[in-house]
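Hi,

Here is the structure I promised to hand over. Please have a look at it, and then read my notes underneath.

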Amino acid sequence: MRLPLLLGSLLLSSGCIVAETRPHRPPPRPPPPSRPVAMSYDEAVHRGFDQCRARGYRCDLQEAHLTGNNVWKVKFRVDGRGEKGHLHLDYDAYSRNLIKVNDKVKGKGGRGWDDDWDGPGRGKKKGHAHRDD
């Protein structure tokens, strides 16, 4: 009689255990980081005007365009304190860093960006005919 009682209690005790059989799912992946947004035309022009004014010039926008290698080229005609010329600025479209400044401004009566040019025919005559003298 002990044996059936022992077997019965073993069978009843195992029936009380409940096991979950759902498969374990990994947590959902976070969304990929968003790509940086390229600088717009308006932002490039605005940054250019800020840079031009910081140099003390009165600025007139000539053109602004985005090149194929993600560089904004912004060009101004400038006047200021008796100086005239051009200011060309290059900005990286994604980092918004100022890459290059080409400041072609000369003052009245002073040395400017093109004052050292001697004109045609003043150098060595490489590749010129004798009639060019």
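Below is what I found in it, starting with a helix and ending with the salt bridges.

This is a predicted model, in which local features need pLDDT of at least 70, side-chain atom pairs count only at pLDDT 80 or more, and totals for chains, interfaces and linings use all residues. Residues are numbered from 1 along each chain as its sequence is written, and side-chain values use heavy atoms, leaving out hydrogens and water.

Helices and strands are DSSP runs (H or I of at least four residues, E of at least two), numbered from the N terminus. Helix H2 covers residues 41-54 and spans 20 Å from first to last C-alpha, close to the 20 Å expected (1.5 Å times one less than its number of residues). Its buried residues (under 20% relative accessible area; exposed is over 50%, partly exposed in between, with a 1.4 Å probe and protein chains only) are Ala44, Val45, Gly48, Phe49 and Cys52. Viewed down the axis of H2, they fall within an arc of 135° (taken from the directions from the axis to the C-beta atoms), so they line one face of the helix. Asp42, Arg53 and Ala54 are exposed on the other side. The buried residues of H2 pack against E1, E2 and strand E3 (83-92), where contact means heavy atoms within 4.5 Å.

Next, the core. The largest nonpolar core (buried Ala, Val, Leu, Ile, Met, Phe, Trp, Tyr and Cys residues joined through side-chain atoms within 4.5 Å) has 17 residues, and Cys52, Phe76 and Val78 touch the most other members. H2, E1, E2 and E3 each give two or more residues to this core.

Now the charged pairs. There are six salt bridges (a side-chain nitrogen of Lys or Arg within 4 Å of a carboxyl oxygen of Asp or Glu). One of them pairs Asp103 with Arg55, with the closest N and O atoms 3.4 Å apart. Asp103 is in strand E4 and Arg55 in the loop between H2 and E1, so this pair ties together parts 48 residues apart in sequence. Asp79 and Arg58 also meet in a salt bridge, at 2.7 Å from N to O. That pair links strand E2 to strand E1, 21 residues apart. Asp79 is partly exposed at 21% relative accessible area, whereas Arg58 is exposed at 59%.

Best wishes
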